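Please open the model in a viewer and keep the sequence panel visible. The tour below proceeds by selection, from helix pairs to single residues.

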Amino acid sequence: MPQSLKNAILAFLRRDVIVSLMKHHKETTSLGDRIAVARTHNQLTTAQLSRRLGVQTKTLSGWQNSTSEPRANRLTMLAGILGVSPSWLLIGHGHGPQRT
């Protein structure tokens with residue numbers, strides 16, 4: 001295979017990796033996005049997680065849609081149930097969901 005073709009393939013693959021990483025970053029840029037990612041990672045439905053938190057499903061949906069935010073006590077409970085740090089939920093830094 002010619003070197004120019006190899007270089008073109010590598011450039012394409014790198015581009016796909018970068019696009020994928022950017023897409024993941026974009027998907028988890030808000031508190032709501034991070035709640036949804038961690039909930040999905042833990043294989044919980046919105047209804048299951050809201051039941052465990054003791055809130056209505058529409059309340060949790062509001063958090064995930066970034067139309068409202070949890071109070072500090074619920075944020076701490078949420079982090080514990082999802083196995084992430086409160087700082088990761090709030091700003092994306094700290095202990096997030098473990099990738100497998």
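**First stop: H2 and H5**

Select H2 and H5, which pack at an angle of about 35°, with their axes 10 Å apart. Axes are lines fitted to C-alpha atoms, for helices over the stretch in contact, and angles run from 0 to 180 degrees between N-to-C directions. Helices are DSSP runs (H or I, at least four residues), as are strands (E, at least two), and both are numbered from the N terminus. The model is predicted: local features need pLDDT of at least 70, side-chain atom pairs count only at pLDDT 80 or more, and totals for chains, interfaces and linings use all residues. Residues are numbered from 1 along each chain as its sequence is written, and side-chain values use heavy atoms, with hydrogens and water left out.

H2 passes H5 in a left-handed crossing; a crossing is left-handed if the near helix is turned anticlockwise from the far one by less than a right angle, and right-handed if clockwise. Now display the side chains of Leu31, Ile35, Ala38 and Arg39 in H2, which meet Leu75, Leu78 and Leu82 in H5. The contact of H2 with H5 has six nonpolar, no polar and one charged residues. Contact means heavy atoms within 4.5 Å. Ala, Val, Leu, Ile, Met, Phe, Trp, Tyr, Cys and Pro count as nonpolar, Asp, Glu, Lys and Arg as charged, and the others, Gly among them, as polar.

**The whole chain**

Zoom out to the protein chain, which has six helices and zero strands. Its elements run α-α-α-α-α-α from the N terminus on. Of the 100 residues in the protein chain, 28% are buried, where buried means under 20% relative accessible area, exposed over 50%, and partly exposed in between (1.4 Å probe, protein chains only). Among contacts in the protein chain with a separation of 6 or more, 46% come from residues 24 or more positions apart.

**H3 against H5**

Keep H5 (residues 72-82) selected and add H3 (residues 46-53): their axes come within 10 Å and cross at roughly 125°. H3 and H5 are therefore oblique to each other; angles under 35 degrees count as roughly parallel, over 145 as roughly antiparallel, 65 to 115 as roughly perpendicular and the rest as oblique. H3 passes H5 in a right-handed crossing. On the H3 side, show Leu49, Arg52 and Leu53, which meet Arg74, Met77, Leu78, Ile81 and Leu82 in H5. This contact of H3 with H5 comprises six nonpolar, no polar and two charged residues.

**H3 against H4**

Replace H5 with H4 (residues 57-64), whose axis comes within 8 Å of that of H3 and crosses it at roughly 110°. H3 and H4 are therefore roughly perpendicular to each other. Which residues in H3 meet H4? They are Thr46, Ala47, Leu49, Ser50 and Leu53, and their partners in H4 are Thr57, Leu60, Ser61, Trp63 and Gln64. The contact of H3 with H4 divides into five nonpolar, five polar and no charged residues.

Within H4, select glycine 62. Glycine 62 is buried, with a relative accessible area of 8%. Beyond its neighbours within four places in sequence, glycine 62 is in contact with Thr67 and Ser68. A distance label between the C-alpha atoms of glycine 62 and glycine 32, 30 residues apart along the chain, should read 8.1 Å.

**Two positive phi values**

Move to glutamine 43, in the loop between H2 (31-41) and H3. Glutamine 43 is not a glycine, yet has a positive phi of about 55°; at 70% relative accessibility it counts as exposed. Next select serine 66, in the loop between H4 and H5. The phi of serine 66 is also positive, near 60°, in a residue other than glycine, and serine 66 is partly exposed, with a relative accessible area of 45%.

**Last stop: serine 85 and histidine 95**

Select serine 85 in the loop between H5 and H6. Is serine 85 buried or exposed? At 15% relative accessibility, serine 85 counts as buried. Leaving aside neighbours within four places in sequence, serine 85 is in contact with Ala79, His93, Gly94 and His95.

Finish at histidine 95, in the segment after H6 (86-91). Histidine 95 is partly exposed, with a relative accessible area of 40%. Apart from neighbours within four places in sequence, its contacts are Gly83, Val84, Ser85 and Trp88. A polar atom of the histidine 95 side chain lies 3.1 Å from the backbone oxygen of glycine 83.

Conventions:
A polar contact is a pair of N or O atoms within 3.5 Å; within protein, one must be able to donate a hydrogen and the other to accept it, and residues adjacent in sequence count only if both atoms are side-chain atoms.
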